[in-house]
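User: I'm new to this one. Can you walk me through it?
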Amino acid sequence: MITKKSTQSVVAKPILNRRELASYLGISLTTLDSQIKGGMPHFTIGNGKRGGIKRFCVEDVMIWFQTQKEMRK
């Protein structure tokens, strides 16, 4: 995903797969799967046997975690 900040600079947002995101967050794949079922933002590429390949925008995931934390207060 690429967003344009100005007419001269372009910033790419980091996109990770399940393993990369679990490693980045320091959690297991099982815990990550629970978070996905709980509404963690992601998008799916393709339509494979298992429902496609999940990808995650790090910025969206971190915002989601912050929102979840604030809702628990």
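Analyst: Let's take the overall layout, then the confidence, the core and the surface. Keep in mind that this is a predicted model.

User: How many helices and strands are there in the protein chain?
Analyst: There are 3 helices and 5 strands. Along the sequence, the pattern runs β-β-β-α-α-β-β-α.

User: Where is confidence lowest, and where is it highest?
Analyst: Strand β1 (residues 2-4) is lowest, with a mean of 51. Helix α2 is highest, at 96. For the protein chain, the mean pLDDT is 85, and 81% of residues reach 70 or more.

User: What should I do with the low parts?
Analyst: Where pLDDT is low, don't read the predicted coordinates in detail.

User: OK, the inside. Which residues make up the largest nonpolar core?
Analyst: It has 10 residues: L16, L21, A22, L32, I36, M40, F56, V58, V61 and W64. Helices α1 (18-25), α2 (29-37) and α3 (58-72) each give at least two of them. The largest share, 3 residues, comes from α3.

User: What is I36 in contact with, leaving aside neighbours within four places in sequence?
Analyst: H42, K54 and F56. F56 is also a member of the core, as is I36.

User: Switching to the surface. Which residues make the nonpolar patch of about 260 Å²?
Analyst: F43, I45 and I53. I53 sits in strand β5 (residues 53-57).

User: Why does I53 count as partly exposed?
Analyst: Because its relative accessibility is 45%, and partly exposed covers the range between 20% and 50%.

User: And how much of the protein chain counts as buried?
Analyst: 15% of its 73 residues. The chain exposes about 5,600 Å², with carbon and sulfur atoms supplying 52% of that.

Notes:
Residues are numbered from 1 along each chain as its sequence is written. This is a predicted model: local features need pLDDT of at least 70, side-chain atom pairs count only at pLDDT 80 or more; totals for chains, interfaces and linings use all residues. Side-chain values use heavy atoms; hydrogens and water are left out. A nonpolar core is a set of buried Ala, Val, Leu, Ile, Met, Phe, Trp, Tyr and Cys residues joined through side-chain atoms within 4.5 Å. Buried means under 20% relative accessible area, exposed over 50%, partly exposed in between (1.4 Å probe, protein chains only). Helices (H or I, at least four residues) and strands (E, at least two) are DSSP runs, numbered from the N terminus. Contact means heavy atoms within 4.5 Å. Patches are made of residues with over 30% relative accessible area and no salt bridge: like charges are joined within 9 Å, nonpolar side chains (Val, Leu, Ile, Met, Phe, Trp, Tyr) within 5 Å. Accessible areas come from the Shrake-Rupley method with a 1.4 Å probe; for residues, only the protein chains shown count as cover. A salt bridge is a side-chain nitrogen of Lys or Arg within 4 Å of a carboxyl oxygen of Asp or Glu. pLDDT is the predictor's confidence in each residue, from 0 to 100.
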